[in-house]
Amino acid sequence: LNERNIKMEKTVQNTFLETEKTGKLMRKFALPCIVSLLVGALYNIVDQIFIANADYLGSFGNAANSVVFPMTVIALAIATMMGDGCCAFTSINLGAKKTEKAEKGVGNAIFLLVSSGIVLAAIYLIFADPILKAFGATVNEETFEMSREYFFWIALAVPFYMFGQGLNPIIRSDGSPTFAMISLLAGAVCNCIFDPIFIYTFKWGMVGSEMCIRDSVYLFRLKTIKLKMSGFRLAAEPVKRMLALGMTSFLSQISIVLSMAAVLNMCRKYGALDPIFGQEQYAQIPTAVIGIVMKFFQIVISIAIGLAAGCIPIVGHNVGAGRNDRVLELMKKMMFAEAAIGLVATLIFELFPQPFVNIFGASGESVYYTEFAIKCIRLYLCTLTLSCVNKGSFIFLQSLGNAVGSTLLSLLREVGFGVGLVLLLPVWFGLDGVLYFMAVGDVLTFIAVAVALVHTAKELKRADLTAKN
């Protein structure tokens, strides 16, 4: 009887997700998630700011950082697939009052996060040189050596990074988004403090920029879920469902890796044919600049993804509770907010590109570096409004439990357009073609997304009417 009462108490704790005003819930859950993802994105870009302004590193250090960055995103992709998948799985089951299934999902997700982090770190350490070469590190010798040094320390930090990033959405699904945010902020503060000390004072170069580890004390104070040893034994049903639900989050991150691999290699190939960047002393500039601009893009997209991912527990719970009217209301508010975020970011980058270039040490570089950076920012980031709506839509469909539709749309944008156009457009437009793929891909994807959202809205209205009748 006591155990039954405990389960009932846990279930009641999250019922506010189907009664509280949707706007208030979005602010409560989305803001901490946005901050958490921004912190993850800013870790690397803060490193790059300090690296760019160190006179003994400069654009070579920037290029090396750009080469290594995709490997950090691979770790993030795996972690968010498990974390967001578990968040959606747990929220849907808690909404349907199936607490035991939710507990099993959390235990399995934690086991997968720990084991996959160790395996990925081992792969990075063993196959470092082939991996770096695949991402264009051989643009010149100095870039390659700096890449190897930086990658070694990134590889050692991977298991801790993955566990922290994957645990955050699980904490949000337990109804504690603020705790998830604070744990990441603590790490970000440490990173900003120690980066300049290690890079400028001790001259540790690329070594000094990855030093922070976050703890996981929240596992001992879960509110709606009780972890048991039996929950850590892998079970096919929750693992399969969580990975399916988390596939969109995985694709949204891994696409950056695939796209960056294509972009960096096209930079190396077509940069060598350019009259300016074909010269040895300027060869690293396209790699350094495009890597930086892709991180600006990731910062904005982190806000868009954070907004949508923060709403996963709300949407999932209301889906499980049969509150389709609230789900439709959340969809409308979320898409409006995504468009607003993208529009503001687009205006900032299009109107004021120079200050962003200066942050990354443009004053100490050639005029070719500054000119290419400004052009890159304006072309690459001109359709951020559509990018944000597209990303938000993928995750919204994921939170509904529509893993197939969400995954297909993600594959279309992230692999079909994100890689295919990068390889195709430079054939006609040379190095500039690498910059055009983002705008073309976002426009084509938005057409498909608009159709999917209209269809989803009709289905939600139909289901709501059926339930009322």
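# Reading a predicted all-helix chain

Biologist: Glu 329 has a relative accessible area of 33% and is listed as partly exposed. Which cut-offs lie behind the words buried and exposed?

Modeller: A residue under 20% counts as buried, one over 50% as exposed, and the range in between is partly exposed. Glu 329, at 33%, is therefore partly exposed. Keep in mind that this is a predicted model. Of the 469 residues in the protein chain, 60% count as buried. The chain exposes about 18,600 Å², with carbon and sulfur atoms supplying 68% of that area.

Biologist: Which residue does the side chain of Glu 329 meet in a salt bridge?

Modeller: Start with the general idea. Side chains of opposite charge can pair when their charged atoms come close. In this model, the partner of Glu 329 is Lys 333, with 3.1 Å from N to O. Both residues lie in helix 11, which covers residues 324-351, and they are 4 residues apart, about one turn of the helix. Lys 333 is partly exposed because its relative accessibility is 34%.

Biologist: How many salt bridges does the structure have?

Modeller: The count comes to 5. Another of them joins Glu 459 and Arg 462, at 2.5 Å from N to O. These two residues are 3 residues apart in helix 16, so about one helical turn separates them. Glu 459 counts as partly exposed at 37% relative accessibility, and Arg 462 also counts as partly exposed, at 46%.

Biologist: Those two pairs each sit within one helix. Where do the partners lie in the salt bridge between Asp 442 and Arg 413?

Modeller: The side chains of Asp 442 and Arg 413 meet at 3.0 Å, N to O. Asp 442 is in helix 16 (residues 433-468) and Arg 413 is in helix 15 (residues 403-429), so this salt bridge ties together parts that are 29 residues apart in sequence.

Biologist: Are Asp 442 and Arg 413 buried or exposed?

Modeller: Apply the cut-off of under 20% for buried. Asp 442 has a relative accessibility of 2%, so it counts as buried. Arg 413 is buried as well, because its relative accessible area is 5%.

Biologist: What else does Asp 442 touch?

Modeller: Leaving aside residues up to four places away in sequence, Asp 442 touches Thr 383, Leu 386, Ser 387, Asn 390 and Arg 413. With Thr 383 there is also a polar contact between the two side chains, at 3.1 Å.

Biologist: Now the rings. How many aromatic pairs does the structure hold?

Modeller: It holds 8 aromatic pairs. One of them is Phe 277 with Phe 372, where the ring centres are 5.2 Å apart and the planes meet at 70°. Planes over 60 degrees apart count as edge-to-face, so this pair falls in that class. Phe 277 lies in the loop between helix 8 (236-271) and helix 9 (285-310), while Phe 372 lies in helix 13 (residues 367-380); the pair links distant parts of the chain, 95 residues apart. Phe 277 counts as buried because its relative accessibility is 7%, and Phe 372 is buried at 4%.

A second edge-to-face pair is Phe 296 with Phe 356, at 5.4 Å centre to centre and 75° between the planes. Phe 296 belongs to helix 9 and Phe 356 to helix 12 (residues 353-359), 60 residues apart, so to speak a link between distant parts of the chain. Both Phe 296 and Phe 356 are buried. Ring pairs also bring in Phe 349, giving a cluster of Phe 296, Phe 349 and Phe 356.

Biologist: What does the secondary structure of the chain come to?

Modeller: It comes to 16 helices and 0 strands. Among contacts with a separation of 6 or more, residues 24 or more positions apart account for 84%.

Biologist: What is the mean pLDDT of the chain, and where does it stay under 50?

Modeller: The general point first. Where pLDDT is low, the predicted coordinates should not be read in detail. Here the mean is 76, and 74% of the residues reach 70 or more. Among the elements, helix 1 (residues 2-13) has the lowest mean pLDDT, 45, and helix 11 the highest, 89. The value stays under 50 over residues 1-12, a stretch with 8 contacts beyond four places in sequence. It is also below 50 over residues 197-215, where the model has 60 contacts beyond near neighbours in sequence.

Conventions: Residues numbered from 1 in each chain as written. Predicted model: local features only at pLDDT ≥ 70, side-chain atom pairs only at ≥ 80, totals over all residues. Heavy atoms only, no water. Phe/Tyr/Trp six-rings, centres within 6.5 Å; stacked < 30°, edge-to-face > 60°. Buried < 20%, exposed > 50% of the residue type's maximum accessible area, 1.4 Å probe, protein only. Salt bridge = Lys/Arg side-chain N within 4 Å of Asp/Glu carboxyl O. pLDDT = per-residue confidence, 0-100. Contact = heavy atoms within 4.5 Å. Areas by Shrake-Rupley, 256 points an atom, 1.4 Å probe, with all protein chains shown as cover. Polar contact = N/O pair within 3.5 Å; in protein donor to acceptor, adjacent residues only side chain to side chain.
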